[in-house]
Amino acid sequence: MKSLSFMPRFLIVVSCAAFAGVLILASRQPSVHAAGQAPAPTPVQAGAGLFQQDCAFCHGRDAMGGETGPDLTRSKLVLSDTDGSKIAEVVRNGRLNTEKKMPPFHVSDAEMVSLVEFIRARVTAAAAMKGGRRGVDVADLQTGNVELGKQYFNGAGGCSKCHSPTGDLAGVASRHQGLSLERRMLYPEGAKSKVTVTLASGETVTGTLAYLDEFTVGLRDSNNTYRSWFIDKVKKYVVDSPVEAHVEQFPKYTDADIHNLMAYIQTLK
Amino acid sequence: MKLFQSAVVLAASALCVTALSPHFVVAQNLENSQILKPTPDSWPLYHGDYSGRRHSPLTQITPQNVDRLSLAWAFQTRQFFEIKSTPLLVDGVLYFSVPEHIWAVDARSGHQLWHYSKPTPKGLHIGHRGVAMYKGWLYFTTTDAHLVSLNAKDGTVRWSKEIADVNAGYWTTMSPLIVKDHVIVGVSGDFDNLGGYLRSFDPETGDMQWQWNSTPSVGTPNSTTGGMTWMTGTYDPELNLIFWGTGNPTPVLKGDSRPGDDQWTCSIVAINPDTGKLAWGFQASPHDTHDWDAVETPVLVDADFHGQPRKMLMQASRNGYFFVLDRTTGKSLLTVPFGPTNWALGVDKEGRPIPNPEKEPKPDGRLIAPDEGGLTNYRAPSFDPRTGLFIVDAHPSYSVYFAKPADGAYGWAGADYGLWGKGVIDAIDYQTGKIRWSHDVGDGGSGAGILTTESGLTITGDGLGNVLALETKTGKTLWHARTGRGMESSPITYELDGRQYIITSSGGTLFAWALPENALEGGSSASQPH
């Protein structure tokens, strides 16, 4: 075959070099795109957009919480979620049995992947902030006095009526720390109540309160069987809710009481 | 000649028909006169009327017969946003919304006439309060802070105008207020240090008519930003004033960069709707550091106060206080807490709570009552003139608030966490602030608004999915229905073809309730002449 003359060869070389240059430039972009279109977002960017739409109002734009919703960058559930399934479960089902009633969200599998990526990116970014990190650190909650806290526990606080540092509260500060411990101390969400229902026949049934509105009361008995009754069909029902003592204490605390109590509770490791 | 005579007769008949029965002209139009004096077969704006009392004159459904209330129809939106809007009912068609969507539903059959939806990725999708209507056009605020005008007949878009810059951090959720030829909208946005404002648009062109700024320009030294105008205001046509609540200052939980009262944040303001000029302002929370907007309905009531006739404005505010003002001057008549509060040192001589500096958020936390969501929130209250009761869905609650230097001075600038709360419907005596009755609606609270009727009923919901009809005098439950999800909107009522309907929502479904048809035979019609 006759070899190519100089000019065509030169053109081929230049074209190849130009083409190679374009390829190198293109590979620097997140994704190749047609001229005039915005680049396709990365999963973290897509997740950020979805997070702003649906989550930021409660969990903060940076996922660090404190606007009604928890700080996701310190959340035990988020930190222990290796494959995103725990986060997905909460997003899709909500948390309707909590004080703030997180609603469920309809998120496709692809969207969930991007949401989890964004949350993980926020966890990493938050951890890098160290001293400048916003939110509540364990170090912030050390302004109380242990001895005064112990006195309050056994005295005006009334805590020792139901709780014991060597009994139910032994090791509580090993199980929970910081804000999580303080919130449980002030009001333990999810604490169970007992209910005794007196039926029209006079028979009484006792169990763990499982449901209550104006019209229906439901319990789980000792076999974990669920039973319910219309309230207007039973003689009476009596709820025993020890956790109510925490609610009654709210108007009685000074902020110093709370900080002192927290100092004492943190010694129960 | 004969043709001409026939034409004259025809024209005259048409005129007679139009003159004698305005409802005969069914064109889904809405004139100013119909908004000013709503007929019983309408709910033409967010509040039902300009007063915000949400008190219906209808008496077909009574405390005696409400136990027979049953389902007339249900409309399922088949999407996942909770309905938080108050529907409009105009000429037999219901219009309601969620973020990104509007539905028009035949109020007789409960079937869909049209559905507008526009995926809008930008802006927070926390909720939507409803559309506004004027003449044949709907007005819809979007998550990305635009005002869209649509043809009420078919949902086609006429124009879209920017209300605010969503990229700066604004979004919108509210139902605009139509006053004469003004479409008045407010803005949302607490996560940035932004200026709050009200803007009036021309209903035909969408051109801006005026803007009222609630806070000084961004960047003014030692001054606040914020004062978002989240919710729909009310209007007094005789005084020609609109009354609007403003939101909290930014930065939210930290007040050092904004010393002083931070006007006009957490305020009730009276504005001239033609000019946008401020007539007076009252601060419900001077120098707020707890996110307690004062955007709850400013309810307008003309009645005696301590023996003297007064034009009043009442607000059960997020910060836990019930305020009664003279709305001609803005002067305080009464300031009383309507639930547990622990953040104020007292009330000053102007009737404003005095914030306790010790209860501002601190690095090691402060116990605060109520929580950030407030003793009440967006859910609408109702005023019943017969009993003199201001009825509101309240949320007695406790929380912990934190703020430290590392939280900065931008946006939230701190952290707050709710500890506990419960839901109660409180009936407040407007002259004393005393709670005459209180009806539990569940741990955690309820998102339901309140509607009262002239026959003595209070319609609301609990936090567990029950729709409730209570006796307004006593708070006793007279009827309920289980709808599955807690009501997150405020109920409405209207009369159609001689039958009174109550509309409630649960999750993504709208429910219409009415007495059974056979209960109406020979019975009263819904609207009584008075």
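In this predicted model, the C-alpha centres of domain 1 and domain 2 of chain A sit 29 Å apart. These two belong to a three-way split of chain A: domain 1 covers 43-132, domain 2 is pieced together from 139-189 + 246-265, and domain 3 takes in 194-241.

Next, the packing. The largest nonpolar core runs to 173 residues. Domain 1 and domain 2 of chain A both feed residues into this core, so it lies between them. Chain B is well represented too: β31(B) supplies the largest share of the core, eight residues, and the residues with the most contacts inside it are B:Tyr95, B:Met133, B:Leu138 and B:Met314. As a general backdrop, nonpolar side chains in soluble globular proteins tend to be buried together.

What does B:Met314 touch, once its neighbours within four places in sequence are left aside? The list is B:Val299, B:Val301, B:Phe323, B:Val324, B:Phe383, B:Phe390 and B:Tyr430.

Then there is the meeting of the two chains, where 36 residues of chain B are in contact with 40 residues of chain A. On the chain B side, the elements giving two or more residues are β27 (366-368), β30 (397-402), β31 (415-429) and β36 (477-482). Of the chain B residues that touch chain A, the largest share, seven residues, comes from β31(B). Strand β31(B) thus turns up twice, with the largest share of the core and the largest share of the chain B side of the contact. By residue type, that side of chain B breaks down into 17 nonpolar, eleven polar and eight charged.

Conventions. Residues numbered from 1 in each chain as written. Chains lettered and ligands numbered in written order. Predicted model: local features only at pLDDT ≥ 70, side-chain atom pairs only at ≥ 80, totals over all residues. Contact = placed C-beta atoms within 7 Å. Helix = DSSP H or I, 4+ residues; strand = E, 2+ residues; numbered from the N terminus. Nonpolar A, V, L, I, M, F, W, Y, C, P; charged D, E, K, R; others polar. Core = buried A, V, L, I, M, F, W, Y, C linked by C-beta atoms within 7 Å. Buried ≥ 20, exposed ≤ 12 C-beta atoms within 10 Å, placed from the backbone. Domains from an automatic or database assignment.
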